[in-house]
Amino acid sequence: MATIKPGGLGIKTRLFQIIFESDTRLAKGFDICLALLIFLSVGIILLDSVPEYRARFGDIFYVMEWGITLLFTTELALRIYCLEKPKFYLKSFYGIIDVLAVMPTWLALMFPGAQTLVVVRLLRTLRLFRVMEMMALVGEGRLLMDALIRSRDQILLFLFTVLMVVTIFSSLLYLIEPAEAGFTSIPKSIYWGIVTLTTVGYGDITPVTPWGQFLSMMIMLTGYSIIALPVGVFSAEVIRALRAERYSHEACPGCGKHRHEVDARYCKYCGTWLDEERPDPRHEEEPEPGSSG
């Protein structure tokens, strides 16, 4: 969102500061009120889905939802009005979410029931991170995402292996178990295999033969054996990312060695001053002999 700028001086700049920033008390209050409206709107939709509440308070819910939708529509219009290039905003993540947040209620005029999609407004509460000054958590989230991306090959290999194991076990169960037990097809057996491997065990399909029960025990033990593999791979990538953030990639200008901590001032190998943009305080000009002060 670096390309988002106010569309001009005066009222547009003032609106931009209130709506898109959170440096002032008014801007923080705006974001907090917006978050409260979002939670209220989602709560209305959830309560309206309960038949008893809909029968008693349906008209109240309808009026409140339309009132909140009009407020959100006005807010979206103000966002577009105060921007220099609204298209950049509308194509951004928050812009798309803001548009989706007001669409369901308006679509309900043409397609009854579409207002239940209003729960997407919960995504807008992501803006609350700015108000609560929790940008550090955003950084930690990026660290986890980077670790997940770096370990994607190992995770994909793990998923392929699990799918292969499940397919083999499920095919055997399909051959062994009678159709009356629920194993009517290989896809149905694969569903049972995934549920069993993940140790969920719904119980809607259960082996009845001794060999089938033996294979069930084997697939459950397999699930316990391999479930920790992706966790270990992901944890290793997180630790690697944490270590990478701790150390600087810049080489020492004296000895050329790496692996210095980011806040280090001197090389731990040769003692050279690391910050080449500032002078070494140890080499500051000393007063000449005999000079006063």
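**Notes on a mostly helical chain order**

1. Going along the sequence, you'll read the pattern α-α-α-α-α-α-α-α-α-α-α-β-β. That comes to eleven helices and two strands in the chain. Keep in mind while you look around that this is a predicted model.

2. Now the whole-chain numbers. The chain has 293 residues, and 29% of them count as buried. About 19300 Å² is exposed, with carbon and sulfur atoms supplying 66% of that area. On the contact side, take pairs of residues at least 6 apart in sequence: 51% of those contacts join residues at least 24 apart.

3. Have a look at the start of the chain, at helix α1 (residues 11-20) and helix α2 (residues 25-48). Their axes cross at roughly 55° and come within 7 Å. With that angle, α1 counts as oblique to α2, because 55° is neither under 35 degrees nor in the 65 to 115 range that would make the pair roughly perpendicular.

4. Which residues in α1 and α2 meet? From α1 you have Arg-14, Gln-17, Ile-18 and Ile-19, and from α2 Leu-26, Ala-27, Phe-30 and Asp-31. Sorted by class, the contact of α1 with α2 holds five nonpolar residues, one polar and two charged.

5. The other helix pair to check is α3 (residues 51-81) with α5 (residues 93-107). These two pack with their axes 9 Å apart, at an angle of about 140°. The crossing of α3 past α5 is left-handed.

6. On the α3 side, that contact is made by Glu-65, Trp-66, Thr-69, Leu-70, Phe-72, Thr-73, Leu-76 and Arg-79. Asp-98, Val-99, Val-102, Thr-105 and Trp-106 make it from the α5 side. How does the contact of α3 with α5 split by class, and how many of its residues are nonpolar? Seven are nonpolar, three are polar and three are charged.

7. While you're at α5, click on Ile-96, which has its place in that helix. Is Ile-96 buried, exposed or partly exposed? Its relative accessible area is 41%, so Ile-96 is partly exposed: buried would need under 20%, and exposed over 50%. If you set aside the neighbours within four places in sequence, Ile-96 is in contact with Leu-90 and Lys-91.

Definitions and conventions
Residues are numbered from 1 along each chain as its sequence is written. This is a predicted model: local features need pLDDT of at least 70, side-chain atom pairs count only at pLDDT 80 or more; totals for chains, interfaces and linings use all residues. Side-chain values use heavy atoms; hydrogens and water are left out. Axes are lines fitted to C-alpha atoms, for helices over the stretch in contact, and angles run from 0 to 180 degrees between N-to-C directions. Helices (H or I, at least four residues) and strands (E, at least two) are DSSP runs, numbered from the N terminus. A crossing is left-handed if the near helix is turned anticlockwise from the far one by less than a right angle, and right-handed if clockwise. Contact means heavy atoms within 4.5 Å. Ala, Val, Leu, Ile, Met, Phe, Trp, Tyr, Cys and Pro count as nonpolar, Asp, Glu, Lys and Arg as charged, and the others, Gly among them, as polar. Angles under 35 degrees count as roughly parallel, over 145 as roughly antiparallel, 65 to 115 as roughly perpendicular and the rest as oblique. Buried means under 20% relative accessible area, exposed over 50%, partly exposed in between (1.4 Å probe, protein chains only). Accessible areas come from the Shrake-Rupley method with a 1.4 Å probe; for residues, only the protein chains shown count as cover.
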